Amino acid sequence: MAKINQTNCDSGQHLIPIDEALKNLLSNAQPIAETEVLPLIEAQGRILAEDLTSIINVPPADNSAMDGYAIRSEDFSSAKETQLPISQRIPAGVMGTELERGTVARIFTGAPIPDGADAVVMQEVCTLIENDDANDDSNSNESIDNDIKITGPIPVGQNIRKAGEDIAIGDILLKAGTKLKPQDIGLIASVGIGEISVYKRLRVGVFFTGDELREPGETLEPGQIYNSNRHTLRGLLENLNCEVVDFGTIEDTLEATKTAMLKASESTDLVMTSGGVSVGEEDYVRIALEEIGQLNLWRINIKPGKPLAFGNIGGKPFLGMPGNPVSVLVTFCIFARPFILQKQGASETRANSFMVAADFEWLKAGKRHEYVRARVENNVIKLFPHQGSGVLTSTSWANGLAVIPEGVTVKRNDLVEFIPFSELSVV
Ligand code: AMP
Ligand code: MG
């Protein structure tokens, strides 16, 4: 990408750089202190509130990595074929007895290695010699008293999974602050822990401003639109495992805005709204915030989403999202998501991004740091043709955001930063 100029002004007014805004936001995101103990099965997606240490080895004992035969390697030390009898059969879940010298044990994947054995030979490279007097089981392959022919030498330890190879007693399994993925839950289960301490869910109060808004299912009068932000925002919050308290749509007056803000802040950990943060005469959210609380941040060098407002009401954080539907999604991804994760107690709040070749041109450098609705397909980035902040179809078409800093132009095949929606919990 070619850097042409740097500016953080828009319409002559100072805009707060994104990094500075994010730093300010995160420095005000004190993690909630309350924890609760949950059955492991209910803990997916929650944030672990304690370091978890294993009190067992996984696997608990040396065991076979293959279906085959447990042997003493000394019995097969030469580079020729040796024939020995099968003296016992050890399925998974059964403890065998000490392996007699000069014999082998039939063994199955996951079964404990018997004392005396020091290697397993996979059945595919063994030749079974069936003896006439061998017990005539329905599955003769598994009957003892047959012989086996194996070509040596067999290295000590072959096909043996050692006790504690995955997890040893005393290992820290997961640290406090981990957001629990299905495989983390499986890992905890594998050491037998059935209940864990997690941070309480964050209660987020939401309300929506705009006299023009109607709910899906209602009939639109001229000039009205449907309240899509309510549905997008609630989904985004639920993806982050928040408990949403919805205070509905409120009328565009200063009094109604102040009343809703106070009410929402009383019973929640964070208040979020959409609309009413610009400079129009019908925009009361920022003014209300200044009157009954404190405004920390407003007007950020981001496109879309410039009017995002952040502050607090009675000590509770407040995030006023813009009204435009695409701005809601983008500002949620860039600001609200890390803020919420940190408040939830998560230790990792960043989203990974990747450099991907552009299958587009961006010839006119913008004045703001832009998050463009984009799609990576076949390892190149394509852009949605209509990037307006009201074009919600762009967000459904896209599978992530391409980042184009202010003052930058892009030529086809230039590498451009891309943040997949999967990294932004937008799934
Ligand atoms: P505002 O910041 O309130 O002026 O809103 C900016 C634009 O977003 C206007 O076109 C609004 O009609 C639109 N808008 C505001 N709130 C919503 C909402 N909840 N759902 C869909 N569009 C909205
Ligand atoms: Mg409005």
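What follows walks through the ligand site, two helices, some backbone oddities and one buried arginine in a predicted model.

The ligand site comes up first. Ligand 1 sits in a shell of 16 residues, with Glu 212, Asn 227, Asn 229, Gly 276 and Gly 323 listed as the closest. By residue type, that shell splits into 10 polar, 4 nonpolar and 2 charged members. Two elements, strand 18 (225-226) and helix 3 (228-239), each put at least two residues into the shell around ligand 1.

Backbone atoms turn up in several polar pairings with the ligand. At Ser 228, a backbone N or O atom is found 3.2 Å from a nitrogen atom of ligand 1. A polar backbone atom of Asn 229 is likewise placed 3.3 Å from a nitrogen atom of ligand 1. For Gly 323, the partner is an oxygen atom of ligand 1, and the distance from a backbone N or O atom is 3.1 Å. As for cover, ligand 1 on its own would expose 480 Å², and the protein buries 76% of that.

Helix 3, one of the contributors to the ligand shell, is worth a look in its own right. Its 12 residues span 17 Å from first C-alpha to last, close to the 16 Å expected at 1.5 Å a residue. Asn 229, Arg 230, Leu 233, Leu 236 and Leu 237 make up the buried residues of helix 3. Viewed down the helix axis, these buried positions fall within an arc of 140°, so they line one face of helix 3. Asn 229 thus shows up twice, as a buried residue of helix 3 and among the residues closest to ligand 1.

Helix 2 (residues 182-190) can be described in much the same terms. Here the buried set is Asp 184, Ile 185 and Ile 188. Looking down the axis of helix 2, the buried residues keep within an arc of 100°, so one face of the helix is lined by them. Pro 182 and Gln 183 are on the other side of helix 2, and they are exposed.

Now for the backbone oddities. Val 58 and Pro 59 are joined by a cis peptide bond, with omega at about -5°. Pro 59 belongs to the loop that connects strand 5 (52-53) and strand 6 (63-64). Another cis bond runs from Lys 303 to Pro 304, where omega is near -5°. That proline, Pro 304, is in the loop between strand 22 (302-303) and strand 23 (309-313).

Positive phi angles also crop up outside glycine. Asn 378 has phi at about 50° and is located in the loop between strand 26 (369-377) and strand 27 (380-383). With a relative accessibility of 74%, Asn 378 counts as exposed. For Asn 413, phi is near 80°, and the residue is part of the loop between strand 29 (408-409) and strand 30 (415-420). Asn 413 counts as exposed too, at 57% relative accessibility.

Last comes the arginine. Arg 106 is part of strand 9 (residues 104-107). Its relative accessibility is just 3%, so Arg 106 counts as buried, the cut-off being under 20%. The side chain of Arg 106 has polar partners: the backbone oxygen of Gly 68 is reached at 3.2 Å, while the side chain of Gln 123 is in polar contact with the Arg 106 side chain at 2.9 Å.

Key
Residues numbered from 1 in each chain as written. Chains lettered and ligands numbered in written order. Predicted model: local features only at pLDDT ≥ 70, side-chain atom pairs only at ≥ 80, totals over all residues. Heavy atoms only, no water. Near = heavy atom within 4 Å. Polar contact = N/O pair within 3.5 Å; in protein donor to acceptor, adjacent residues only side chain to side chain. Areas by Shrake-Rupley, 256 points an atom, 1.4 Å probe, with all protein chains shown as cover. Helix = DSSP H or I, 4+ residues; strand = E, 2+ residues; numbered from the N terminus. Nonpolar A, V, L, I, M, F, W, Y, C, P; charged D, E, K, R; others polar. Expected span 1.5 Å × (residues − 1). Buried < 20%, exposed > 50% of the residue type's maximum accessible area, 1.4 Å probe, protein only. Arc of directions from axis to C-beta.
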